[in-house]
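The exercises below ask you to read pockets, a cavity and a sheet from one model, and each is followed by a worked solution. Please look at the sequence and the structure before you begin.

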Amino acid sequence: MSVDPTIPSALAARETSFSFEFFPPRDDAGEAALFEAVQRLERLSPSFVSVTYGAGGSTRDRTVRITERIARETTLTPMAHLTCVGSSRAELVDVIAQYAAAGIRNVMALRGDPAGGLGTPWTAHPDGLDHADQLVRLVHEQGDFTVGVAAFPDKHPESASLDHDADVLVAKAEAGAAFAVTQMVFDVDNYLRLRDLVAARGCDLPIVPGLMPVTNVRQLTRMADLSGGALPDAVVSRLRAVEDDPVAVREEGVRIATEHAQRLMDEGAPGLHFYTMNRSTATVEVFSALGLRV
């Protein structure tokens, strides 16, 4: 059974906190592989781990089950994902109750990507919610939860400006969010810009940057889609320069992630959140390169 310290207390600690995110596998074999990664990363003593939803909320039941399993079978603190996509208010309340019954008290409240996928219009469930701040309030109405939210350092695809994104983050904090986790950071300056815009609004919401070592060139397009824009030339050019050598691409991807992680730590980021793609090796290599506990 996991212990469950609060995530905000971990983020406020003197040392940088570390956390890991997994995605829900499509089948039982994938779930077994995921738990192998979970168990390998458990020895790094992360502040928390989370399991995201599939596209359009399509894997909600498996996500809930895996998060509950992490709570029961490991010493890790799980953060439960919850999105508005395709769910009525009553269905969301039911999922929150499942998490509470499993002893899970940390929830990542997200509007979620449109059910039709990135680039399609967002449509709320007729009896559901339309914005993440509404979901933050709903989670708090159900009991004593710590709620995190998403942040977009490269600007949300539907946002008019980074200033608007900062306003949205402040609104989420006012609704009760205790911290935010960003999409994958490939340009540290963009993260710092968003952090400073939020602070300039008098909001002290901790914003944890997300990182993912790129281990093959095929990931570049997908990462650009997920981060909401083109990846910076400084990253792409380094990977393209060695794209004919898979081993060199992987090494360069780990090197870039390590450089970004070190600069983020130097700039006072409250934590580092690693998107693992359900594998542990590259993340462990970044930890080792940073001289952290492995």
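**Exercise 1.** Work out how the lining of the second largest pocket divides into nonpolar, polar and charged residues, and where the lining comes from.

*Solution.* The lining of the second largest pocket divides into five nonpolar, six polar and two charged residues, where Ala, Val, Leu, Ile, Met, Phe, Trp, Tyr, Cys and Pro count as nonpolar, Asp, Glu, Lys and Arg as charged, and the others, Gly among them, as polar. Of the 13 lining residues, Thr215, Gln219, Thr276, Met277 and Arg279 lie nearest the centre of this pocket, and helix H11 (residues 281-290) gives the largest share, three residues. The pocket has a volume of about 210 Å³.

The terms used here are as follows. On a 1 Å grid over the protein atoms alone, a cavity is a set of points where a 1.4 Å probe fits but cannot get out, a pocket is an open set with protein on both sides within 12 Å along at least five of seven lines, and lining residues have an atom within 4 Å of a point. Points are joined across faces, edges and corners, and a volume is the space filled by probe spheres set on them. Helices (H or I, at least four residues) and strands (E, at least two) are DSSP runs numbered from the N terminus.

This is a predicted model, in which local features need pLDDT (the predictor's confidence in each residue, from 0 to 100) of at least 70 and side-chain atom pairs count only at 80 or more, while totals for chains, interfaces and linings use all residues. Residues are numbered from 1 along each chain as its sequence is written, and side-chain values use heavy atoms, with hydrogens and water left out.

**Exercise 2.** Describe the largest cavity by its volume and its lining.

*Solution.* A search of the whole structure finds one cavity of 30 Å³ or more, and the largest cavity has a volume of about 60 Å³. Its lining includes Val185, Phe186, Leu211 and His260; H10 supplies the largest share, four residues. The lining comprises 10 nonpolar, two polar and no charged residues.

**Exercise 3.** Establish how the strands of the barrel are ordered and paired.

*Solution.* Eight strands close into a barrel in the order E1-E2-E3-E4-E5-E6-E7-E8, with parallel pairing, where two strands pair if DSSP finds at least two bridges between them. Strand E7 (residues 207-211) is joined to strand E8 (residues 271-275) by two bridges, and Leu211 stands opposite Phe274 in E8.
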